[in-house]
Amino acid sequence: MRYNVTIQETLARTVQVEAGTQREAELAVSRLYRDSEIVLSCDDYVVTRITADSYLPYYKSPSNDFTLIQGDCVETLSKFRFGFDMVFADPPYFLSGGCISYQSGKVVCVDKGEWDKPTTTEEMDAFNLRWLSAVREHMKNDATIWVSGTHHNIFSVQQQLLKLGFKILNVITWAKTNPPPNVSCRYFTYSTEFIIWARKSPRVPHFFNYRLMKELNGDKQMTDVWRLPAIGVWEKTCGKHPTQKPLGVLARLIQASTEPGAWILDPFSGSATTGIAANLLGRRYLGLETEEKFLGMSRARREEIENEKTRQAYVSRLVKSGIILSPDTSSVADDSDFGYGVPWL
């Protein structure tokens with residue numbers, strides 16, 4: 001994380017004056033100082049303080065609708081106050097325990113990183129409670145949160161959501177249409193992930209774009225089972241994150257729960273698929289990520305869609321797959337008030 005660091009040198013001198021009260025004495029010295037009759041110099045040096053007082057964004061898009069900050073999500077969120085309209089979180093699943101999987105035609109060991117190593121139930125619960133608590137403090141009262149997972153972590157997430165007072169709205173089953181085969185042949189093929197959708201307050205209504213979801217589903221109510229493919233080759237042009245989600249999944253849930261211009265937070269930004277989907281749909285994004293290599297990948301992906309041809313190619317793929325209705329939904333949000341009340345801009 002980059003910080004603004006302030007170097008403050010303090011000068012001090014004691015001056016004796018005749019006055020009737022303490023306040024009159026202070027005013028008298030103020031006048032002398034203002035009129036330059038008292039001039040402090042290096043001889044009056046007292047102390048130096050060096051303070052890291054705030055963060056600097058790792059990257060901001062030219063239109064200020066996409067910002068990346070490097071740092072732990074809990075620590076970073078503690079440094080400002082802001083209310084987001086929606087949160088998407090893809091936290092560690094804690095499944096990198098040395099098992100094997102099938103990837104790009106090869107048998108590989110499941111090792112996504114140290115952050116994904118298995119842990120105890122108590123440690124997992126404490127981790128999920130910690131970051132969910134921090135995120136909840138930065139959600140508007142009518143905001144909703146989406147959290148993805150598998151059986152490894154999703155039950156812990158659900159319990160912490162309930163503990164914090166969230167109301168669970170749905171548990172989406174993402175049924176992958178192209179899952180990798182089960183190499184061991186000892187279990188059913190793992191082909192699903194779960195995405196919990198919850199709102200901050202049980203009593204405050206949330207936004208749900210029911211009509212659009214129905215229209216995208218052939219004028220039938222959309223169910224909580226989403227049959228969508230895993231990440232495609234065309235989404236890896238800037239590299240691949242080990243847990244990268246497809247644009248189709250993010251585009252659907254963003255459209256379902258926000259309106260254009262909404263602010264979306266991703267506390268585990270990764271390769272910033274949430275941000276790319278948000279910008280293609282006219283929403284605004286803040287992503288928090290600790291690892292430099294993933295921040296660089298995220299920046300490259302966002303810079304890629306500054307090219308209008310590339311942007312339209314992405315939009316066309318989403319239209320063709322039935323995720324969005326038309327290229328009109330890819331408009332950039334109005335940036336006339338981007339800097340108003342937004343701490344990182």
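How many salt bridges does a search of the whole structure find? The search finds nine. The model examined here is a predicted one, and its salt bridges offer a convenient place to begin. As a general principle, side chains of opposite charge can pair when their charged atoms come close.

One of these salt bridges joins the side chains of Asp65 and Arg302, with a nitrogen-to-oxygen distance of 3.0 Å. The two partners belong to distant parts of the chain: Asp65 is in the loop between β3 and β4, whereas Arg302 is in helix α8, which covers residues 292-304, and 237 residues separate them. Both Asp65 and Arg302 are buried. For Arg302, the relative accessibility is 1%, and the residue therefore counts as buried. Arg302 also forms a salt bridge with Glu306, in which the closest N and O atoms are 2.6 Å apart. Glu306 has a relative accessibility of 40%, so this residue counts as partly exposed. Arg302 thus takes part in a salt bridge with Asp65 and in another with Glu306.

A further salt bridge brings together the side chains of Lys245 and Glu193, at 3.7 Å from N to O. This pair, too, links distant parts of the chain: Lys245 is in the loop between β11 (225-228) and α6 (247-257), Glu193 is in strand β10, and they are 52 residues apart. Are these two residues buried or exposed? Lys245 is buried, because its relative accessible area is 7% and buried means under 20%. Glu193 likewise counts as buried, at 8% relative accessibility. The two residues also belong to a network of salt bridges, in which Asp90, Lys176, Glu193 and Lys245 are linked.

Attention may now turn to the aromatic rings. The structure holds 13 aromatic pairs. One of them consists of Trp131 and Phe268, arranged edge-to-face, with 5.2 Å between the ring centres and 90° between the planes. Why does this pair tie together parts that are 137 residues apart in sequence? The reason is that Trp131 lies in helix α3 (residues 121-136), while Phe268 lies in the loop between β12 (263-266) and α7 (273-280). Trp131 counts as buried at 1% relative accessibility, and Phe268 counts as buried at 18%.

Another aromatic pair, formed by Trp146 and Trp197, is stacked: the centres are 4.7 Å apart and the planes meet at 10°. Trp146 lies in strand β8 (residues 139-149) and Trp197 in strand β10 (residues 192-199), so the pair ties together parts that are 51 residues apart in sequence. Trp146 is buried, with a relative accessible area of 1%, and Trp197 counts as buried at 3% relative accessibility. Trp146 and Trp197 are also members of one aromatic cluster, together with Phe208, Tyr210 and Trp226.

Charged side chains also lie over aromatic rings in this model. Arg252 lies over the face of Trp226, at 5.1 Å from the ring centre, and Trp226 is one of the residues of the aromatic cluster. Elsewhere, Arg136 lies over the face of Phe166, at 5.1 Å from the ring centre.

The backbone deserves attention as well. In general, most residues other than glycine have a negative phi. Which value does phi of Ser36 take? Phi of Ser36 is near 65°, a positive value in a residue other than glycine. Ser36 lies in the loop between α1 (22-34) and β2 (45-56). Ser36 counts as exposed, because its relative accessibility is 51% and exposed means over 50%. Asn64 likewise has a positive phi, near 60°. This residue is found in the loop between β3 (59-60) and β4 (66-70), the loop that also holds Asp65. Asn64 is partly exposed, with a relative accessible area of 26%.

The final topic is the surface. Val5, Ile7 and Ile50 make a nonpolar surface patch of about 320 Å². Of these residues, Ile50 lies in strand β2 and is exposed, with a relative accessible area of 61%.

Key
Residues numbered from 1 in each chain as written. Predicted model: local features only at pLDDT ≥ 70, side-chain atom pairs only at ≥ 80, totals over all residues. Heavy atoms only, no water. Phe/Tyr/Trp six-rings, centres within 6.5 Å; stacked < 30°, edge-to-face > 60°. Helix = DSSP H or I, 4+ residues; strand = E, 2+ residues; numbered from the N terminus. Buried < 20%, exposed > 50% of the residue type's maximum accessible area, 1.4 Å probe, protein only. Lys NZ or Arg CZ within 6 Å of the ring centre and 35° of its normal. Patch = residues over 30% accessible without salt bridge, like charges linked within 9 Å, V, L, I, M, F, W, Y side chains within 5 Å. Areas by Shrake-Rupley, 256 points an atom, 1.4 Å probe, with all protein chains shown as cover. Salt bridge = Lys/Arg side-chain N within 4 Å of Asp/Glu carboxyl O.
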